[in-house]
Amino acid sequence: MSAVEAKLAELGLTLPEVVPPLAAYQPAVQSGPYVYTSGQLPMLDGKLPVTGKVGAEVTPDEAKELARTCALNALAAVKSVAGDLDRVARVVKVVGFVASATDFTGQPGVVNGASELLGAVLGDKGVHARSAVGVAVLPLDAPVEVEIQVELVQP
């Protein structure tokens, strides 16, 4: 077991299977020392546990937890390309999309779910630049979508 996966286990988490693509794309691709993930939805066992807009049908706390799930799914996508999460030198960038009610402005707090998970799992390697964007709707009416870019240590 890798050190990163041991840390996940210590936190009571397991790395899920990679979420299959919903359309014509790959969950993650590597270019040089970087891995870019596609947007990851908060899928659990192939389904969205909650749908709707944050600030309407979905509470900010629920959405923050869903962003955490998105980050876990993104780590699974990174592993599918890198082979081992211990190769992650650092998370470079996180982009979070939050399907928001028209008056909801708490997108940064929601995307903190992803950022905090990456920090808890990767320590200083999980510190990153970030964008948190409110959008009208996401695929499958998901409340949150997260993509990450990581830099790998070369073997």
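In the predicted model, Phe104 is located in the loop that connects strand S3 (88–99) to helix H3 (107–122). With a relative accessible area of 13%, Phe104 falls under the 20% limit and is therefore classed as buried. When residues up to four places away in sequence are set aside, the contacts of Phe104 comprise Val54, Gly55, Pro60, Val98 and Val110. A separation of 28 residues in sequence lies between Phe104 and Ala132, and their C-alpha atoms are 13 Å apart in space.

Pro60, one of the residues touched by Phe104, also belongs to helix H2, which covers residues 60–82. For the 23 residues of helix H2, a rise of 1.5 Å a residue gives an expected span of 33 Å, and the end C-alpha atoms are 32 Å apart, so the computed span agrees with the expected one. Just after H2, Gly83 adopts a positive phi of about 90 degrees.

At the surface, Leu22, Tyr25 and Leu140 together make a nonpolar patch of about 280 Å². Of these contributors, Leu140 is placed in the loop between strand S4 (129–135) and strand S5 (144–152).

With regard to annotation, an unreviewed UniProt entry assigns the feature "domain: Endoribonuclease L-PSP/chorismate mutase-like" to residues 5–148. In the model, the span of residues 5–148 is 31% helix and 22% strand, and its end C-alpha atoms lie 18 Å apart.

Methods: Residues numbered from 1 in each chain as written. Predicted model: local features only at pLDDT ≥ 70, side-chain atom pairs only at ≥ 80, totals over all residues. Heavy atoms only, no water. Patch = residues over 30% accessible without salt bridge, like charges linked within 9 Å, V, L, I, M, F, W, Y side chains within 5 Å. Areas by Shrake-Rupley, 256 points an atom, 1.4 Å probe, with all protein chains shown as cover. Salt bridge = Lys/Arg side-chain N within 4 Å of Asp/Glu carboxyl O. Helix = DSSP H or I, 4+ residues; strand = E, 2+ residues; numbered from the N terminus. UniProt positions renumbered as here; feature names shortened; annotations may be inferred. Buried < 20%, exposed > 50% of the residue type's maximum accessible area, 1.4 Å probe, protein only. Contact = heavy atoms within 4.5 Å. Expected span 1.5 Å × (residues − 1).
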